[in-house]
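Notebook open, coffee at hand. I want to look up a few residues and then see how the chains sit together.

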Number of protein chains: 2
Amino acid sequence: MKRILISELRNHLNKEVCVEGWIHKVRKLKAVTFVILRDRSGLLQCVLDNNSFEALELTLESVVSIDGIVKEGKNALNSFELQIEDINIISKVNGELPIEINKENLEINLDTMLNNRVLSLRHRKISSIFKVQNLIVNSFREFLNKEGFTEIHTPKIVKEGAEGGTEVFEVKYFENKAYLAQSPQFYKQMMVGAGFERVYEVAHAYRAEEHNTNRHLNEYVSMDLEMGFIENEYDIMDLEESFLRFMINYLEKQGGEYIQLLDVKLPVITEKIPRIKFKEAVEILKKTYNKEGIEEDLDPEAEKLLCKYVKEKFNSDFVFLTNYPRKKRPMYTMPCGNEETHSFDLLFRGIEITTGGQRIHEYNMLVENMKYKGLNPSNYESYLELFKHGMPKHGGIAIGLERITAKILGLENVREATLIPRDRKRLVP
Amino acid sequence: MKRILISELRNHLNKEVCVEGWIHKVRKLKAVTFVILRDRSGLLQCVLDNNSFEALELTLESVVSIDGIVKEGKNALNSFELQIEDINIISKVNGELPIEINKENLEINLDTMLNNRVLSLRHRKISSIFKVQNLIVNSFREFLNKEGFTEIHTPKIVKEGAEGGTEVFEVKYFENKAYLAQSPQFYKQMMVGAGFERVYEVAHAYRAEEHNTNRHLNEYVSMDLEMGFIENEYDIMDLEESFLRFMINYLEKQGGEYIQLLDVKLPVITEKIPRIKFKEAVEILKKTYNKEGIEEDLDPEAEKLLCKYVKEKFNSDFVFLTNYPRKKRPMYTMPCGNEETHSFDLLFRGIEITTGGQRIHEYNMLVENMKYKGLNPSNYESYLELFKHGMPKHGGIAIGLERITAKILGLENVREATLIPRDRKRLVP
C-alpha cells in the first residue's frame, strides 16, 4: 500500500491506509495501547488491540509502518485516529535514548542539543528554526530574481583571501597552498564586470577565528549580492531595505505556523530604516550611554546600545550605520574623503547582520588603496585585471544567514540556527 | 536621471533617457559616429554628432553613461535608436583587449576563454550557458519544494570522507587535520533520520582527482537529494524521472531564447526511461559492439556505446543502469544479494550524470558492509550513531550540475559550464 502522510488522513475516513513514521509516545492500557506516530507532517493517535499484538515491543523513536483504518474520534491531536490492523517495525531502537524528545519543550543545553542533533531536530520547535531559515533563503532568491539578478556559484578554494587578515583555513591543493574563501567578494565583483551586472550567491564562507563566541561560526552561509551601475552605497541600502520588507512579508505569509509555534514577534520595519553616520553613532553612544573608547568599530556592547537607542527613538529594529572609518574596511571599499568610506553596516536587534557598501571600480585608485592598506598589489594581479576592461560603479552586501535567522527567532546562539555547526571545538558530526 | 535598461526603451519613444553599459562597437562616419551600447538586457544603436563630441575617445568595452533621446529608426538591432545628448565615461579601457568579443561567435580555445573569463562571459553565447544552468537549478529546487523536500546546508569541512578512497583535499583546521567533503552523503542521510524525511542541497563538492579530463572538476556543484520511507531504489528512479521531465519542460518554457541562441535540441525523454541491469548492459556491449573487459564499472567508451544503443533502440537520451556491482559502490549502498546492489547510474548522452540508490538503514548491516569494504567501523562512530535511533528505509541521488548543463547544451568540456573552474592547473582566478 502507498504511504499516506498524517496531514492527509482526513481525506481517507473509514478507509484502510498505510502510515509510516517514528513512534513518538506509547501508552499501554489494559485492552489497548495508544501509539502516537510522528511523520514530517504531524502526529497521529493509533489504537492497538493488545490481544492481537501481544508480543510486540514498541520502543520510542523506532520507525514503523502501520496499516489501519482511519476512524472518526476526537483526541488532543486530530478529529480522527487510526485503528491498527498491522504494524511492521522498520528500524528498532534498543536501549535508552540519550535525550527525551516527546515533550513540549526540549529543555536541554546547547551542547547536548548539538551532540544529539539527529534526535533534537526531530522536535518540532527545533526543526521549525530551519523551516524559517529556508523561507529566508527563498525570499532572498525570489526577491533578487525578480530584480534581475543572476545566481552564481564561485570557487571556495582560492589563492588569496579577499578580506585581508590571517583568519583563513589553509588547504593542500595538490602541490600548491590554497585557502578557503572568506567571502565570494572578488568573484561577485568579477561577475558584475562580466556583464551579469547583478549577481547573488548563497553559499558557505569560512573564517578561521580562534575564539568561540555565540555570534561566530567558522563555516557559515553567506547570502551575498553585488550590483553594478549604482550611484553610490545608498542604492545598495535601498535595495536591502526592500528585500527586508519582502522577507518579513514572506515570513508572515508562509511561515505563520512556525512563527506561532516558536512564539516570536517578526521584526518591525519602519517606513524608512534610520541611517546614522558612524561618527554620529559614536557621539550618541557617548552622550546617551557614557560609552567611551569607540574609534573605528563598534564592540558588541556598543551595537546593543545603539539598537536600543534606535528602537526607543524610531521604533525600528534595524539601523544602517553609514560612512564607516576607512581604517577598518577592506581594500576594495570605496573611500569617502580621507577618513571615511562609502560603506555601511546594518544592525538588527543588537547585532551586525550585514556589511556592505560601494566598491572601488578604478584601477589606479584600487592600487593606491591596496598600498594604503599595506598590501602588495602584485599579489592581486588576477583581481586587478578586472579593472582594466571596463567596470561599472558597483557595490553589494553580505548577510549572514545563521545570524539573521537567530535574531529573527530570538535565539541566543548562532549555533542554534545551524544544522551542523563548525567551530573551534566542533568538527564532528 | 534613473538608468533605463535597453530592453525597456520602446516604452520611452521621443523621451530623454539615461542608458548605461559597455561600448560594444564603434563605427565612425564623417558626420556621426554609431556607438553600439551593451547592457545585460541587449544592444542599442546610439548616434553621436561628431561635431559636438570632437575630443571624445571611445574605446571598446569601456563603461559609459549616456543621456539621449529615444528616436524611431529601424536598424539591425531594434526599431529605435538613441540620439546622444551627453556621454560620460565611467571606466575607460586603455590599450588593446586580449580577446575580441563583439563578433557573432567567439572562436577562441578553452584556455583563452577561461584565462579571460570576465571578457568571454560578456559574449551572449557564453553567458547564456549560465542562464540555462540557473534554470536547471531553479527547476530542481522548485520541483523538490513541491514534493515536500526541505533544503539543507551541511558542512564542507569534515573529519572523514564519505565516499572512501584517497581523493580528498586536506584542510588545516586549527590543531586538527580535516578534509573537504566529497559529498553531503552522511549529512543528507542524517537529515532524513532527523525527521525532515526528504532533503536536498545544492552546494560544492570536492574531489582531489589528479587527472585533468573534460568530464571532471576538482570543485563542482552537486545537486543532492535524499528521501526517506521508500520501498527501494525504484522510488528514487521514478522521482528522478519526474524531475527530468519537469526540468525539460521548465527549460522549454523559460529558457527558449537561450536554447535558440545556443542552437541546441532539448533532450528527448520517452514515456519511461529505459532501465537496464548492469550485467545485461555488459552483455549488450559485448554482443552489439564487441566491447570486452568490463566487469565492475563502465569506462567512458562503454558509456557512449550504451547510450548509442539506447538511443537507436528506444529513442531515449537517458538510460538507467541498475543493480550496480557491489564491489564498486561505497559502503553505505544497500546490497542486493552478494554481488549486486540496490543502486544505479543515470547515463545521458554518453555520460553518467547521476549516481543513486537505496542506502543501508540497519546498523548491523552497515557495520558488516564497512568490513566488507575494508573500512574500520570505529572511524565512523558519529555516522553509525544515526542508525541506532530509528532510521527509515531511504535513498537518494546526486546530479553533477556542470555535467548535466554541458550535456544539455552539447558542450564538449565540463569547464565551459563552470564560471571559474578549479582543476589540477587552475587555482586562479
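**Entry 1: A:Leu401.** I started with A:Leu401, which I found in helix H11 of chain A, a run covering residues 401–409. This is a predicted model, so I am reading computed values throughout. Is A:Leu401 buried or exposed? It comes out at 0% relative accessibility, and because the cut-off for buried is under 20%, A:Leu401 counts as buried.

Next I listed its contacts, skipping neighbours within four places in sequence. From its own chain I noted A:Gln133, A:Ile136, A:Val137, A:Val221 and A:Met223, and from chain B there is B:His153.

**Entry 2: A:Glu402.** I moved on to A:Glu402, also placed in helix H11 of chain A. I get a relative accessible area of 5% here, so A:Glu402 is buried. Leaving out neighbours within four places in sequence, I found it in contact with A:Gln133, A:Leu217, A:Tyr220, A:Val221, A:Val414, A:Ala417 and A:Thr418.

Which backbone nitrogen lies 2.9 Å from a polar atom of the A:Glu402 side chain? I traced it to A:Val221.

**Entry 3: the record.** I checked UniProt, where the entry is unreviewed. It puts a "binding site" feature at a set of chain A positions, including A:Leu401 and A:Glu402. Also among them are A:Gly400, A:Arg403, A:Leu217 and A:Glu352. I noted that such annotations may be inferred rather than shown by experiment.

**Entry 4: B:Glu201.** Over in chain B, I looked up B:Glu201 and found it in strand E10, residues 198–206. Its relative accessible area is 3%, so I logged B:Glu201 as buried.

Which side chain makes a polar contact with that of B:Glu201? I found B:Thr154, at 2.7 Å. B:Thr154 is also on the contact list for B:Glu201, which leaves aside neighbours within four places in sequence. The rest of that list reads B:Ile152, B:His153, B:Lys156, B:Pro184, B:Ser222, B:Met223 and B:Asp224. I had already met B:His153 as a contact of A:Leu401.

**Entry 5: the two chains.** Last, I laid chain A on chain B: the RMSD is 0.0 Å, after a turn of 180° and a shift of 0.0 Å along the axis. That is why I wrote down a two-fold axis. Which C-alpha of chain A is nearest the axis? I get that of A:Val171, 2.3 Å from it. I also noted that the same surface serves both copies, with 100% of the contact residues of chain A recurring in chain B.

Notes:
Residues are numbered from 1 along each chain as its sequence is written. Chains are lettered from A and ligands numbered from 1 in the order in which they are written. This is a predicted model: local features need pLDDT of at least 70, side-chain atom pairs count only at pLDDT 80 or more; totals for chains, interfaces and linings use all residues. Side-chain values use heavy atoms; hydrogens and water are left out. Copies are superposed by least squares on the C-alpha atoms of residues with pLDDT of at least 70 in both. Contact means heavy atoms within 4.5 Å. Helices (H or I, at least four residues) and strands (E, at least two) are DSSP runs, numbered from the N terminus. Buried means under 20% relative accessible area, exposed over 50%, partly exposed in between (1.4 Å probe, protein chains only). A polar contact is a pair of N or O atoms within 3.5 Å; within protein, one must be able to donate a hydrogen and the other to accept it, and residues adjacent in sequence count only if both atoms are side-chain atoms.
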